[in-house]
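Here's a quick look at the overall build of this protein, followed by one spot on its surface. Have the viewer open while you read.

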Amino acid sequence: MLGPLVNSAVLIVGGISGAILGRRIPVRVSQALPLTCGILAAGIGTTLMAKVHAIPPLALALLGGALIGELLCLERGLELAIGWAQKQAERLLPGDKGNPKVEGFVAKYVTILVLFCASGMGIFGATHEGMTGEAQILIAKSVLDLFTATIFAAELGVSVALIAVPQMLIQGALYASATLLVPLTTPAMLADFSACGGLVMLATGLRICGIKLFPVVNMLPALVLAMPCSALWGRVFG
């Protein structure tokens, strides 16, 4: 389980480094690096798309997954969950209720908690490593997270490093669950799954860059449908 361990360790390093550097990080750097991270995510996604075995099941999985996500309003549900978590966190600080600085801190902290723990790249990367043993995606995410965590920690402090704990638990659970699927998969199914994850990562990168705000969370069910669609396509059309 190399990827989850590296990703969480890097998050700790980035959180501590950003807390030490503090306001010494120029604003232009904190604005430019996320754009670079976005284009890197898009590039990684494009590379994974090249692994596709058959395009029709990939298209079916992505369209079907996006439809399910939209009908279930997954992204809206996540937004509501973030809002609820912010309110619960503010209740733990009754003495600072109404303090704009505290409320701003809570809002940003909960948001980046979701960013690191429930991103499409992290979910796909942990699942992909569990099924294939390849940790490259999560290691690539770790490189991006190092700079992202440093930037966030410059404003929010060393508390950013604590996000490594829930992130490790989530990615570890996805990794362990994915290993159970290995006996049921074929090389073609894994290839189509990788390509589907690549498309989700491409959408993530374009969203980070502000080019197009794809509803990435609503697209995540496609990862569940990718291998069944691939298996059905192979059974029917050989």
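With 238 residues, a compact globule would have a radius of gyration near 18 Å, and the protein comes in at 19 Å, so the two agree. That radius is taken over C-alpha atoms, and the globule rule is 2.2 Å times the number of residues to the power 0.38. Keep in mind that this is a predicted model, where local features need pLDDT of at least 70 and side-chain atom pairs count only at pLDDT 80 or more, while totals for chains, interfaces and linings use all residues. Residues are numbered from 1 along each chain as its sequence is written, and side-chain values use heavy atoms, leaving out hydrogens and water.

Here are the overall numbers:

| Property of the protein | Value |
|---|---|
| C-alpha span along principal axes | about 65 × 35 × 30 Å |
| Exposed area (Shrake-Rupley, 1.4 Å probe) | about 12,300 Å² |
| Carbon and sulfur share of that area | 73% |
| Residues that count as buried (under 20% relative accessible area, 1.4 Å probe, protein chains only) | 42% of 238 |

As for secondary structure, there are 11 helices and zero strands, with helices being DSSP runs of H or I at least four residues long and strands runs of E at least two long.

Now the surface spot: Ile12, Ile16, Ile20 and Val158 make up a nonpolar patch there, with about 350 Å² of accessible area together. Patch members have over 30% relative accessible area and no salt bridge (a Lys or Arg side-chain nitrogen within 4 Å of an Asp or Glu carboxyl oxygen); nonpolar side chains (Val, Leu, Ile, Met, Phe, Trp, Tyr) are joined within 5 Å, like charges within 9 Å. Val158 sits in the loop between helix H7 (136–156) and helix H8 (164–179). Its relative accessibility is 49%, so Val158 counts as partly exposed, the class between buried and exposed (over 50%).
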